[in-house]
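Grab the model, open your favourite viewer, and work through these exercises with the solutions covered up.

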Amino acid sequence: MLARQHEHKAPQKRALQWLGKQLFNREDPAAFFDPLLEQLNPMWVQEYTPARVERILQETADTRTLVLKPARHWSGFEAGQHVNICTEIDGVRHQRTFSLSSSPALWHAQGRITLTIKRLPGGRVTNWIHDELETGAVIGLGEAFGDFQLPAQATPLLFLAGGSGITPILSMLETLTAAGASAPAALLYCVRTEKDVIAREKLEAMAARHPNLTLTVIATNATDSPRYLTEADLASVPGLQDREIYMCGPGGLMDLALASLDALGVDAQRVHKTFFAAPGAASLDGTDLGGTVRFAKSELEVSSEGDANLLDMAEAAGLSPSYGCRMGICHQCSCKKTSGTVINRLTGKASGPGEENVQLCISVPQGPVTIEV
Ligand code: FES
């Protein structure tokens, strides 16, 4: 019966329906050809999977969770991974990286994912998400990436989160609790004040249901004298040395935690960390930057005064190297440098002069450089 109905439809309508099914598994074209999606150019559609905003939940005063329904051909993810989203704001395309906050089980069961996004002061995209993005809109979703992932075997765990750094850890905790993981897991969650706890109900419900999960909230700015994470906080976690440790938060917290863990004799191999925002750039004042970059495979040369990274330079030359986050997190832009020195914009450190892999998005030439692109 269905087949007969399709036979009578105009070819154009059939094409729209086919595209609709590819995008959303739905018959009605109007459901996905909304004003935002109409602006997508063909390249955009190839790189990104359309994802409809089904619900928006206000977590705290400055944090929202987007419940998204990506088109079914999206490849899914592992707990702890990141994803790029692409939006058009005032006709300009913007790409940003966020961690997925839901568990892969939700994607498998319902075809839904969540992103939990904090408003950043001055942030173009996060402010747009908070002020303009509405239920029913469609955004572009890239494929998931990142190796901040749970160990394959059950093992005691410690999660250390700061602020919206809880996002990938939420996904991990939901994955562990849904699987009934038996190994002990502890979460130390640093927030400015108790009001800044993201997903409190969810976290408390998980801890109540799973006696092997302990939850400790540290409110750093609850009183006039700041209360920072201490060595004692970490030392109070039973069997600390035998736990795999996952941390995500601001740079200051991560540095403090790393120094304390080191002082407590924790093997650095057990510590896994990721960022929830671009790590701050190092000061490159006084560093002699700039040079001519030869893109060897394409036989193109571009020079810069030191104000552009290799990815920007390649794109300015008309090349299209792979990239993901454009902020040094995902390594998707890694390429072989065959000669010359580059400076890592995040660490301020110089590479060696010879052959090695460099991240194009955070590498700035220092003198002549040759890249296999
Ligand atoms: S694009 Fe992600 S590290 Fe360069």
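Contact here means heavy atoms within 4.5 Å. The model is predicted, so to speak of local features a pLDDT of at least 70 is needed, side-chain atom pairs count only at pLDDT 80 or more, and totals for chains, interfaces and linings use all residues. Residues are numbered from 1 along each chain as its sequence is written, and side-chain values use heavy atoms, with hydrogens and water left out.

**Exercise 1. Find the surroundings of V342 and say whether V342 is buried or exposed.**

Step 1: V342 sits in strand 14, residues 334–344. Strands (E, at least two residues) and helices (H or I, at least four) are DSSP runs, numbered from the N terminus.

Step 2: V342 is buried, at a relative accessible area of 3%. Buried means under 20% relative accessible area, exposed over 50%, and partly exposed in between, using a 1.4 Å probe and protein chains only.

Step 3: Leave out residues up to four places away in sequence, and the residues that V342 touches include L310, K349, V358, V364 and V369. V342 and L310 are 32 residues apart in sequence, yet their C-alpha atoms are 9.1 Å apart in space.

**Exercise 2. Work out the strand order of the open 5-stranded sheet and name its edges.**

Step 1: Count two strands as paired if DSSP finds at least two bridges between them. The order then reads 9-8-7-10-11, with parallel pairing.

Step 2: Strand 9 and strand 11 (271–274) are the edges, each pairing on one side only. On average, neighbouring strands in this sheet are turned by 15° against each other, direction ignored.

Step 3: Check the two ends. Strand 8 (residues 185–191) pairs with strand 9 (residues 213–219) over 7 parallel bridges, and A186 stands opposite T214. Between these strands the chain passes through helix 8 (residues 200–209), making a right-handed β-α-β crossover. Right-handed means that, with the strands pointing away from the viewer, the path from the first strand over the helix to the second runs clockwise. At the other end, strand 10 (residues 244–248) and strand 11 share 4 parallel bridges, with H272 as the bridge partner of Y246.

**Exercise 3. Describe how helix 7 and helix 8 pack.**

Step 1: Helix 7 (residues 166–178) and helix 8 meet at about 30°, with axes 11 Å apart. The axes are lines fitted to C-alpha atoms, for helices over the stretch in contact, and angles run from 0 to 180 degrees between N-to-C directions.

Step 2: The crossing is left-handed, that is, the near helix is turned anticlockwise from the far one by less than a right angle (clockwise would be right-handed). Helix 7 makes the contact with I166, L170, L173, E174 and T177, while helix 8 brings K202, L203 and M206.

Step 3: Now place both helices on the strands. Helix 7 lies across strands 7, 8, 9, 10 and 11, at about 150° to strand 7 (157–162). Helix 8 lies across strand 8 and strand 9, at about 145° to strand 9.

**Exercise 4. Which residues outside glycine have a positive phi at D90 and A199, and where do they lie?**

Step 1: Most residues other than glycine have a negative phi.

Step 2: D90 has a positive phi of about 50° and lies in the loop between strand 3 (82–89) and strand 4. With 69% relative accessibility, D90 is exposed.

Step 3: A199 has a positive phi of about 55° and lies in the loop between strand 8 and helix 8. With 8% relative accessibility, A199 is buried.

**Exercise 5. Trace the partners of R294.**

Step 1: Strand 12 (residues 291–295) runs antiparallel to strand 13 (residues 300–304), joined by 5 bridges. Here R294 has E301 as its bridge partner.

Step 2: Strand 12 also pairs with strand 16 (residues 363–371), in the parallel sense over 3 bridges. There R294 stands opposite T370.

**Exercise 6. What does the side chain of S99 contact?**

Step 1: S99 lies in strand 4 (residues 92–99) and is buried, at 6% relative accessible area.

Step 2: A polar contact of 3.3 Å joins the side chains of S99 and H82. Such a contact is a pair of N or O atoms within 3.5 Å; within protein, one must be able to donate a hydrogen and the other to accept it, and residues adjacent in sequence count only if both atoms are side-chain atoms.
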